[in-house]
Each structure stands twice: as structure tokens, then as C-alpha cells.
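Subject: Structure handover

Hello,

Here is the structure I promised to pass on. Please open it first, then read my notes below.

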Amino acid sequence: MIIIKNPQELQLMRESNRLVAEALQELKKLVVAGITTEELDRFAEDFIRRRGAQPAFKGYRGYPASLCVSVNEEIVHGIPSKKKLRDGDIASLDLGVLMNGFYGDAAITVPVGSVSPQVQKLLQVTEESLYRGIAQAKVGNRLLDISRAIQTAVESRGFSVVRDFVGHGIGKNLHEEPQIPNFYSTTAHNPRLQEGMVFALEPMVNEGTHKMKILSDEWTAVTADRKLSAHFEHTIAITGSGPWILSNPDHESTALPLAG
Ligand code: MF3
Ligand code: CO
């Protein structure tokens, strides 16, 4: 069952997700060669606690930190450590909060210093695929319209979509129904989209194979071929007037950047 949120609940979810977005904006500025991923985690946790929110990931199924930092071939769920970021790396930052009873969840992938045109393309295609998916998140469409739009945006540019992790409903729980694959799946549920549904859409895009492995820390997912992977995530609401990006850091913007 997909839980529908009323307008007051959507407003609370906007606040939770705005906080995530603002934290990610600040974290992005800190992503420079020499910073450790642990320092980014500390900043994230302090930032959200000072605003009266709790980190959503810490303790979730035993996850040990507030932020996931997934570097280069790491797809998702990288655990912060004393590892320093280096020029030319890419770092995915994934953050969740719980505030006023509702979760927020978003992720960005940030280049460290300068990266090659091919790597810039990977980041751009991944973010654009997210916005292509968001554009399909409207009343009258079905869930897999989102999935198909993401997959097409990725594969038409020569990259692959991770299959082992999916987007999800979100609300009073971090993970609610439905699961939202980033690819068209004949076995997935394909409900009609309705006003008041809230989804965390999160394409994970690989340079090479879509296949992944989990490291011995039992969290970090890496590409099977150790090529690069990028991840962007927004929490969005389906409204009568189109998708509302709840994790948009800007105050009121609803523009969908579809260039490129
Ligand atoms: N955005 C991810 C998700 O929705 C991050 C979860 S990290 C975890 O699953 F530690 F909480 F599992
Ligand atoms: Co998520």
C-alpha cells in the first residue's frame, strides 16, 4: 500500500527535505582534496542536529554513520573513514534526516578538483536522468514511466543503470512502498501515480557494467569492474500541478534542467 500524504504532511516533508538539501549544499563546498570522508560525516551530523533533526541513516540496520560517502567505483553506502579525498575523485554524498516525524533523503555526486570530460559526462547524465524521471512523476502516469525515462536517459548516453538498488516511497518511514527501479522491469508493480504520493528517486549510474559487489564491511557497494559510478537523489511529491521537488535547495524553483 502506498501511503498518501495530505497537504500539511507534504509541508512537513518539504521542511525535512529542505534541510537535507541545505546540508548537501554546504557539504559540496567542503569537498576538496585532503578532506577525510569522516570529516564530511561529522559536519553533516552537526548541521542537522543543530537544526533540531536526527540523522536517519545512523543505526539504520546497523549503519554506523549519518552520511554515506561513496568514492569513485563505490556505488552507494560508502562508510565514512580516515580516507582523504584526492584531486580527480568523484564523491557521492547521500544524507537522510528525520524531523517532525517525517524523513528527508537526497544525494549528489561531486567532483573533487578537476575531472576528465568523460567523468563530467557521467555526472551530468546521472543528474539529467533523475530530472527525466522526475518529469514523469505526474498524475495519469504509472510508476514504470519514471523507471523507463531514467533508463533511456542513461543507456542512450552509453552508461548502465544499477539494478540491485532502487528508489522508494518515503514519509513517516525512510523506506515505504513502492520500490522504484531505475529500469523497466516486467516483474515490478506498476501502479497509477496519485496526488500525495512521495518518492525518493535515486538513479545509480555506472560507466561500465551494471553489476556490483558488496565489500567485506558488508555495506559498501562497488562496481564489479571497478569503473566509476555516480548517484543523484531527490525526494519528490506528486501534486495536481506536477512534481514538487521537496529536496530542492532553492526556495520555490520548480524548473527542470533538461539541457545537455
Ligand atoms: N538513500 C539510501 C536509501 O534510501 C541511503 C540509505 S543508507 C542506510 O536507502 F544506511 F540508511 F542504509
Ligand atoms: Co534513498
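Where is proline 178 found? Proline 178 is in strand 8. Keep in mind that this is a predicted model.

**Backbone**

Start with that proline. The peptide bond leading from glutamate 177 into proline 178 is cis, and its omega is near 0°. Histidine 77 also deserves a look. Its phi is positive, at about 65°, although histidine 77 is not a glycine. Histidine 77 belongs to the loop between strand 3 (74-76) and strand 4 (90-99). Why flag these two spots? Because most residues other than glycine have a negative phi, and most peptide bonds are trans.

**The pocket**

The largest pocket has a volume of about 720 Å³. Two elements each give two or more residues to its lining: strand 7 (167-169) and strand 8 (176-180). Strand 8 gives the most, with four residues. In total, 29 residues line the largest pocket. Nearest its centre lie Tyr60, Val166, His168, His175 and Glu202. By class, the lining splits into 16 nonpolar, six polar and seven charged residues.

**The ligand**

Where does ligand 1 sit? Ligand 1 occupies the largest pocket. Its shell holds five nonpolar, three polar and four charged residues. The aromatic names to look for include Phe57, Tyr60, Tyr63 and Trp219. Asp94, Asp105, Glu202 and Glu233 are also among the surrounding residues. So are Cys68, His77, His168 and His175. That brings back His77, the residue with the positive phi.

Three polar pairs are worth checking on screen:

- Aspartate 94: a polar side-chain atom lies 2.7 Å from a nitrogen atom of ligand 1.
- Histidine 175: a polar side-chain atom lies 2.8 Å from an oxygen atom of ligand 1.
- Glutamate 233: an N or O atom of the side chain is 3.2 Å from a nitrogen atom of ligand 1.

How much of ligand 1 does the protein bury? Taken alone, ligand 1 exposes 330 Å², and the protein buries 94% of that.

Best wishes

Notes. Residues are numbered from 1 along each chain as its sequence is written. Chains are lettered from A and ligands numbered from 1 in the order in which they are written. This is a predicted model: local features need pLDDT of at least 70, side-chain atom pairs count only at pLDDT 80 or more; totals for chains, interfaces and linings use all residues. Side-chain values use heavy atoms; hydrogens and water are left out. A residue is near a molecule or strand if one of its heavy atoms lies within 4 Å of it. A polar contact is a pair of N or O atoms within 3.5 Å; within protein, one must be able to donate a hydrogen and the other to accept it, and residues adjacent in sequence count only if both atoms are side-chain atoms. Accessible areas come from the Shrake-Rupley method with a 1.4 Å probe; for residues, only the protein chains shown count as cover. On a 1 Å grid over the protein atoms alone, a cavity is a set of points where a 1.4 Å probe fits but cannot get out, and a pocket is an open set with protein on both sides within 12 Å along at least five of seven lines; lining residues have an atom within 4 Å of a point. A molecule sits in a cavity or pocket if more than half of its atoms lie within 2 Å of its grid points. Ala, Val, Leu, Ile, Met, Phe, Trp, Tyr, Cys and Pro count as nonpolar, Asp, Glu, Lys and Arg as charged, and the others, Gly among them, as polar. Grid points are joined across faces, edges and corners, and a volume is the space filled by probe spheres set on the points.
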